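Work through the exercises below with the structure open beside you, and try each task before reading its solution.

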Amino acid sequence: MVNNKHLDIEFLEKKIISTKNRFKLSNQENKELSKFFENKNILVIGASGSIGLKFSLKLINYKFKRLYLLDKNENELAALNRTVIKKVANKKIEYICSDINTIDISSFLSKNKINVYLNFAAIKHVRSQENINSIKYMFSTNYENFFKMNYKSNYLRKIFCISTDKAAEPSSLMGVSKLMMEQKLKSIHKKYKNISVSSARFANVSFSKGSILEHALESIIKKDLFGIPVNIKRYFITHEEAISICFQALLKKNENSILIPNKEILGKQLYIQDIVSRVLKINNLTFTFVKKLKKKVNNKRYNILLSNNKITGQKSKEILFSNYEKKYLKKTNAATSKLMLKNLFNINISKYKKMRELNNINEIHKFISKLVKGYSYKKNQVKVSKIV
């Protein structure tokens, strides 16, 4: 019998990932953030995603002038609205169902006198690079349209955008799009000194929306078949830790840098297989790892497919910064380090437009290989979309 309590994400995170928030903000840091948000007009993009949702629910506890929560997922945004109403009253909060690719962001920022612009939206799956239209949408979302604004605004003072460990020596176009985002943040700060910028590269957020762990958890609840990769291991953090890292990235000491969790705090990397095994054992469920799925699971035994294939765009283990970035890395405290934003390559408008005009996926990979140091793309591997 599956114990619903034992399949609660917060319970599993504490049981498997970390019993405490390893990146908890100090009282002094919370005081600084309170002063930072006070009397500010704030825009949050991707407000009802895994991290955006948790961040928004903590943000509403601060005193701000007006808060705009934007997400393209209408149902998730409505759910966020209902949750906020139960938690706070008389707060000036607006909910906007829109996409970064359709809204006139420059006009919105100006009209609403936005001071703080926070982006949690992203196309984050490697499988999105398997189709040319998805690739172009990914670059539009993760890079191009987020930055379509008037930087000479009299109001805008802070830009924050979530990055990813995949930006370090990227093996996927998703990682490249986020690395380009980091480079754009640097160029903004260099040109407009009145705007501070920052970002954060996480470890993987356990059981986050759309992740392999969430898929495994839902499959266990439904008693459905599922598969997991056998050769991939990652660092993991909890949702609570992820939003703490985001808030820390907004501190003055971390301006114009990318905040990165220290490996010593994260501990060893975990195999997906080991985490799924622990979820099943916690619930006293019998399971077998198999090479081929033959029949549906039943109440007595779970058959889980182990994929031993090398997957296109996926690294076997996680790195949080590239070898050539080491010299720009500075330790902030025991838990985090900051990677100073540097112009590691030139992604000017003409080069970007040239890439956007390409309609062949292999040509895009070749173009990126010449542009981005450390980018490696291996053909003839199994596509993510072929994995159960």
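**Exercise 1.** In this predicted model, decide whether Glu144 is buried, partly exposed or exposed, and then describe its surroundings.

*Solution.* Begin with the relative accessible area of Glu144, which is 23%. Because buried means under 20% and exposed means over 50%, Glu144 counts as partly exposed. Next, locate Glu144 in helix H6, which covers residues 132-144. Then list its contacts: leaving out residues up to four places away in sequence, Glu144 touches Phe139, Tyr352 and Arg356. With Tyr352 there is also a polar contact of 3.0 Å between the two side chains. Finally, the C-alpha atoms of Glu144 and Met181 are 8.2 Å apart, although 37 residues separate them along the chain.

**Exercise 2.** Decide whether Glu29 is buried or exposed, and find the residues that it touches.

*Solution.* The relative accessibility of Glu29 is 12%, and since the limit for buried is under 20%, Glu29 counts as buried. Glu29 belongs to helix H2, residues 27-37. A polar atom of its side chain lies 2.9 Å from the backbone nitrogen of Ser26. Not counting residues up to four places away in sequence, Glu29 touches Lys24, Gln248, Leu251 and Lys253.

**Exercise 3.** Which residues have the most contacts inside the largest nonpolar core?

*Solution.* The largest nonpolar core has 96 residues, and those with the most contacts inside it are Leu43, Tyr117, Ile159 and Phe202. Helix H7, residues 173-191, supplies the largest share of this core, eight residues. Apart from this core lies another, of 23 residues, including Leu7 and Leu280.

Definitions and conventions
Residues are numbered from 1 along each chain as its sequence is written. This is a predicted model: local features need pLDDT of at least 70, side-chain atom pairs count only at pLDDT 80 or more; totals for chains, interfaces and linings use all residues. Side-chain values use heavy atoms; hydrogens and water are left out. A nonpolar core is a set of buried Ala, Val, Leu, Ile, Met, Phe, Trp, Tyr and Cys residues joined through side-chain atoms within 4.5 Å. Buried means under 20% relative accessible area, exposed over 50%, partly exposed in between (1.4 Å probe, protein chains only). Helices (H or I, at least four residues) and strands (E, at least two) are DSSP runs, numbered from the N terminus. Contact means heavy atoms within 4.5 Å. A polar contact is a pair of N or O atoms within 3.5 Å; within protein, one must be able to donate a hydrogen and the other to accept it, and residues adjacent in sequence count only if both atoms are side-chain atoms.
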